[in-house]
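Here are some notes to read alongside the model, written for someone meeting it for the first time. Take the points in any order you like, and keep the structure open as you go.

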Amino acid sequence: MAAADPAVATSTCAHCNREVPSPNIALHSAHCARNLHLKCEHCGDMVPRKHMDKHYDDNHAPVNCPRCEQTVEHELWDLHKRLQCPQRMLACQYCKFELPAADIFEHQDVCGNRTKYCQPCNKDIRLREWIGHELLLHSKTNAAAESSRSMLEKEEGGRHKQARPAFGLKHKQLLLTIAITGLAVLIGSILFQRRIGSSEAL
């Protein structure tokens, strides 16, 4: 079989972008245009002729938004749905109730003025100020409380793991400390009363 002659000039088919020997380009183009592919004028893709209408509808046809009834270019449809449609549903950051985007800011102005009672401060705080209030005034307190709780849990866990004799020793030490403290208080009280009695006798 003879190899293709590299000296033969070629032309590019306008329909499929293939390189075709120049003497055959007219016949090839006619056949390609009639039966095979067309070049999409919007994206430049080669699409089978029988699928061109579907390709246009799926990829390029303007979309009518069912919420706001605007006609949107297909390329901008995702952006419109997520960020631009005035009737897309958004949740209020304070009450989580969903409203159209066109109404959400007015709603949040009112909703954010509602108050929530802060127990540590013993006062009502506006919802729009609540997060900042928590971060500025209570984040360290909450962290300290959480740390203390964690330490107590570890201590409790350690106590449960200790053997009973060790627990008995600690218990005895505690009782001894209480007894010594009580005895010291009693002696101090007696000495104090004697000093008062001596002062009165003088």
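1. Please start at histidine 133. Leaving aside neighbours within four places in sequence, this histidine is in contact with Cys118, Cys121, Ile125 and His138. Histidine 133 sits in helix 5, which covers residues 127-161. Its relative accessibility is 9%, so histidine 133 counts as buried. Do keep in mind that all of this comes from a predicted model.

2. Two of those contact partners lead to a strand pair. Strand 9 spans residues 115-118 and strand 10 spans residues 123-126; the two pair in the antiparallel sense over four bridges. Which residue of strand 10 is the bridge partner of lysine 116? That partner is isoleucine 125, a residue also in contact with histidine 133. Further along, tyrosine 117 stands opposite aspartate 124 of strand 10. The hairpin has four residues between its strands, and asparagine 122 there takes a positive phi near 60°.

3. A second histidine deserves a look. Histidine 55 lies in helix 2, and its relative accessible area of 13% is under the 20% limit, so this residue is buried. Not counting residues up to four places away in sequence, histidine 55 touches Cys40, Cys43, Asp45, Val47 and His60.

4. Staying with helix 2 (residues 52-59), you will find a salt bridge there. Lysine 54 pairs with aspartate 58, and the closest N and O atoms are 2.6 Å apart. Why are these two separated by about one helical turn? They are four residues apart in helix 2, which accounts for that separation. An α-helix has 3.6 residues a turn, so residues three or four places apart point the same way. As for exposure, lysine 54 has 54% relative accessibility and therefore counts as exposed, while aspartate 58, at 40%, counts as partly exposed.

5. How many salt bridges are there by the rule used here? The count is two, and the other one to visit joins the side chains of lysine 81 and aspartate 78, at 3.7 Å from N to O. This pair is three residues apart in helix 3, so about one helical turn separates lysine 81 from aspartate 78. Lysine 81 has 43% relative accessibility and counts as partly exposed; aspartate 78, at 49%, also counts as partly exposed. In general, side chains of opposite charge can pair when their charged atoms come close.

6. While you are at helix 3 (residues 77-84), note that leucine 83 lies in it too. Together with Leu76 and Leu79, Leu83 makes a nonpolar surface patch of about 250 Å².

7. Helix 1 (residues 25-35) is a nice one to turn in the viewer. Its buried residues are Ile25, His28, Ser29, Cys32 and Ala33. Seen down the helix axis, these buried residues fall within an arc of 125°, so they line one face of helix 1. What does the face turned away from the buried side of helix 1 carry? There you will see the exposed residues Ala26, Leu27 and Arg34.

8. Next, a loop. Arginine 49 is placed between strand 4 (46-48) and helix 2. Its relative accessibility is 39%, so arginine 49 counts as partly exposed. Leucine 38 is 11 residues away from arginine 49 in sequence, and their C-alpha atoms are 5.7 Å apart in space.

9. Finally, step back to the whole protein. It has six helices and 10 strands. Of the 202 residues, 18% are buried. The accessible surface comes to about 16,200 Å², and carbon and sulfur atoms account for 57% of that area. Of the contacts between residues at least 6 apart in sequence, 4% join residues at least 24 apart.

Key
Residues numbered from 1 in each chain as written. Predicted model: local features only at pLDDT ≥ 70, side-chain atom pairs only at ≥ 80, totals over all residues. Heavy atoms only, no water. Patch = residues over 30% accessible without salt bridge, like charges linked within 9 Å, V, L, I, M, F, W, Y side chains within 5 Å. Areas by Shrake-Rupley, 256 points an atom, 1.4 Å probe, with all protein chains shown as cover. Salt bridge = Lys/Arg side-chain N within 4 Å of Asp/Glu carboxyl O. Pairing = 2+ DSSP bridges. Buried < 20%, exposed > 50% of the residue type's maximum accessible area, 1.4 Å probe, protein only. Arc of directions from axis to C-beta. Contact = heavy atoms within 4.5 Å.
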